[in-house]
Amino acid sequence: MDMLWSGWGDPDKAAPLPDSVIGLLRDLLGVTPRENEPAQLDGIAVPQSPLADDTLRALAECLGDGAYVRTDAESRIRHTRGKSTPDLLRIRAGEVDDIPAAVLLPGSHDEVLAVLRVCAEHGVAAVPFGGGTSVVGGLAPELKRCFVALDLRRLDGLLALDEVSRTATLQPGLRAPQAEALLNERGFTLGHFPQSYEWASIGGFAAARSSGQASAGYGRFDEMVLGLTVATPEGTWEAGRAPRSAAGPDLRQLILGSEGALGVITSVTVRIRPLPTTRIYEGWRFASFEAGAAALRTLAQDGPQPTVLRLSDETETFIGLAQPDKIGSSDAPAAAGCMAIAGFEGTAEDTADRRARARKVLLGCGGEYVGEEPGDRWAHGRYNAPYLRDALLDAGAFAETLETAGFWSALPALYDAVRQALTATLTEGGTPPLVMCHISHVYENGASLYFTVVSAQGDDPVAHWAPAKRAANDAILASGGTISHHHGVGTDHRDWYTEEIGPVGVRILQAVKAEIDPAGVLNPGVLIPVR
């Protein structure tokens with residue numbers, strides 16, 4: 001099943017906001033329903049594909065069947081941009097100025113290679129497309145020439161599973177639930193469960209350096225990757241042949257996070273873990289965000305490490321995003337403070353031991369144990385936030401997220417700076433916001449901050465968000481944070497990423513791209529400026 005073209009996920013799971021939430025939005029933020037109706041799929045005016053007939057024939061020959069080259073309006077609309085709030089607002093308004101000229105569905109590594117060679121020969125850009133969940137402009141290259149979306153859904157197999165080494169080789173078009181089901185059948189798990197889990201793909205996880213909600217126990221996706229196969233216009237690129245190596249720089253790291261700008265990932269070898277027999281999630285309340293962050297830091301640095309560890313600030317806890325299923329309900333949490341969720345997965349014996357030791361640490365840090373019910377509610381609603389975002393848009397509100405990461409010592413100033421930048425800019429623009437935040441991933445040396453922003457839409461919602469996003473990005477870099485912890489760079493973060501890595505870093509990436517993509521057809525303008 002395809003994702004909803006004008007929103008997130010499964011249309012059957014979308015639900016309107018309760019009246020209580022609509023009233024809260026009206027009273028707190030001045031949100032009022034908008035009168036304009038979203039465009040209908042069959043009512044969007046789509047320009048004819050600009051691909052020349054000889055180019056279309058050459059592409060069809062690469063794929064062995066003309067059915068795998070699609071130029072119909074619906075296929076192209078469904079591959080236009082990603083799922084950020086500006087992306088959705090524009091597609092709902094029928095704006096398709098950056099629609100792909102065609103959608104290609106290769107079925108093998110060799111077919112991807114052949115397509116890239118044709119694209120280079122004919123000057124057509126190629127944008128890899130997995131689950132379509134990018135929220136940073138990763139699927140909308142900045143160029144005036146036409147481009148094709150390279151949909152990898154047919155590359156959806158489990159190629160190998162080594163039970164002795166505990167590794168699996170997966171194709172990039174596998175969606176996360178499919179990959180997890182295939183591994184579960186053999187008694188293993190990948191352990192990667194980001195909020196985009198239900199729709200994102202294995203190739204997308206690698207291309208964007210994804211981080212899942214169980215990262216405290218399983219690690220980030222880039223930490224799971226042991227090897228990659230990549231198709232480029234210049235040929236095949238293989239990286240990684242052992243668990244660790246001192247044979248020069250690790251070229252896997254050039255591919256991970258490259259967002260299709262340096263090649264198309266066609267297989268990923270990852271480490272896997274035994275499927276846990278026990279999963280327990282529990283809630284803890286802290287008097288303040290500062291106190292809760294100190295508790296999380298203690299666990300991250302000194303252990304024991306839970307599998308899931310996250311903390312909502314006071315505003316997010318009060319609104320109920322710490323427990324998504326309670327939003328708008330009569331039993332929504334009303335107590336002051338900050339809600340933390342700790343999850344433990346593994347064998348029954350190991351889970352009980354780590355849980356008991358973690359409880360001593362959290363109690364010693366001033367935490368109040370509030371039982372498993374908050375944890376169970378979080379686990380049940382862990383993938384629902386994008387649906388809530390869509391419902392907010394339907395109700396006339398603007399809702400968007402952004403994230404960063406920093407060292408523990410820098411985290412308080414980073415938290416304050418981003419909140420102040422968002423609040424000041426949107427208030428000045430006439431739409432005072434509600435800014436919420438949680439710590440979603442922890443490390444020995446630091447943590448990530450994930451912000452959710454809700455405001456009235458204003459007269460031009462996309463234009464009203466742009467200065468706020470710029471101000472937040474400026475605040476992140478000025479406060480020592482990274483421009484992205486797990487959403488990637490795309491085009492939205494590119495200018496700040498180039499500042500983060502500096503001019504020498506930019507030239508290094510441009511030099512690599514020039515060698516493997518001399519015609520500049522791989523997702524141009526994404527990640528690094530076009531040279």
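**Helix packing, sheet order and buried loop residues in the predicted model**

Helix α5 (residues 109-122) lies across strands β8 (225-232), β9 and β10, and its direction makes an angle of about 40 degrees with β8. The structure described here is a predicted model. The three strands crossed by α5 belong to an open sheet of five strands, arranged in the order β5-β6-β10-β8-β9 with antiparallel pairing. The edges of this sheet are formed by β5 (158-162) and β9 (235-239); each has a single partner strand, so one side of each is left without a neighbour in the sheet. On average, neighbouring strands of the sheet are turned by 10 degrees against each other, direction ignored. At the β5 edge, the antiparallel pairing of β5 with β6 (residues 167-170) extends over four bridges, and Ala160 is placed opposite Thr169 of β6. In general, the strands of a sheet are paired through backbone hydrogen bonds, in either a parallel or an antiparallel sense.

Two helix pairs were examined for their packing geometry. Helices α4 (residues 85-92) and α17 (residues 461-478) pack with their axes 10 Å apart and at an angle of about 165 degrees. The two helices are therefore roughly antiparallel to each other, and their crossing is left-handed. The contact brings together Pro86, Leu89 and Arg90 of α4 with Pro461, Val462 and Trp465 of α17. Of the residues in this contact, five are nonpolar, none is polar and one is charged.

In the second pair, α11 and α13 (residues 348-364) have axes 9 Å apart and pack at an angle of about 145 degrees. Here the crossing of α11 and α13 is right-handed. Ala295, Thr298 and Leu299 on the α11 side meet Ala358, Val361 and Leu362 on the α13 side. The contact of α11 with α13 comprises five nonpolar residues, one polar residue and no charged residue. Between α11 (289-302) and β13 (308-312) runs a loop that contains Pro304. The peptide bond joining Gly303 and Pro304 is cis, with an omega of about -5 degrees.

Helix α15 (residues 385-394) is largely enclosed by the rest of the structure, because seven of its 10 residues are buried. The buried residues are Pro386, Tyr387, Arg389, Asp390, Ala391, Leu392 and Leu393. Among the elements that cover them are the helices α1 (19-29) and α4 and the strands β16 (397-407) and β18 (446-456). Helix α4 thus appears both in the cover of α15 and in the packing with α17. Following α15 is Gly396, which has a positive phi near 100 degrees.

Positive phi values were also found in residues other than glycine. Arg81 has a phi near 60 degrees and is located in the loop between α3 (73-77) and α4. With a relative accessibility of 2%, Arg81 counts as buried. Leu527, likewise not a glycine, has a positive phi of about 75 degrees and lies in the segment after α18 (494-516). The relative accessibility of Leu527 is 5%, so this residue also counts as buried.

Leu527 takes part in the surroundings of Gly257, a residue of the loop between α10 (252-255) and β10 (264-271). Gly257 has a relative accessible area of 17% and is therefore buried, the cut-off being 20%. When neighbours within four places in sequence are left aside, the contacts of Gly257 are with Ala206, Ala207, Ala208, Arg209 and Leu527. The C-alpha atoms of Gly257 and Ser440 are 19 Å apart in space, and the two residues are 183 residues apart in sequence.

A further buried loop residue is Thr133, with 19% relative accessibility. Thr133 is found in the loop between β3 (125-129) and β4 (147-151). Apart from neighbours within four places in sequence, Thr133 is in contact with Met3, Trp8, Lys83, Ser196, Trp199 and Ala200.

How values were computed. Residues are numbered from 1 along each chain as its sequence is written. This is a predicted model: local features need pLDDT of at least 70, side-chain atom pairs count only at pLDDT 80 or more; totals for chains, interfaces and linings use all residues. Side-chain values use heavy atoms; hydrogens and water are left out. Axes are lines fitted to C-alpha atoms, for helices over the stretch in contact, and angles run from 0 to 180 degrees between N-to-C directions. Angles under 35 degrees count as roughly parallel, over 145 as roughly antiparallel, 65 to 115 as roughly perpendicular and the rest as oblique. A crossing is left-handed if the near helix is turned anticlockwise from the far one by less than a right angle, and right-handed if clockwise. Contact means heavy atoms within 4.5 Å. Ala, Val, Leu, Ile, Met, Phe, Trp, Tyr, Cys and Pro count as nonpolar, Asp, Glu, Lys and Arg as charged, and the others, Gly among them, as polar. Buried means under 20% relative accessible area, exposed over 50%, partly exposed in between (1.4 Å probe, protein chains only). Two strands pair if DSSP finds at least two bridges between them.
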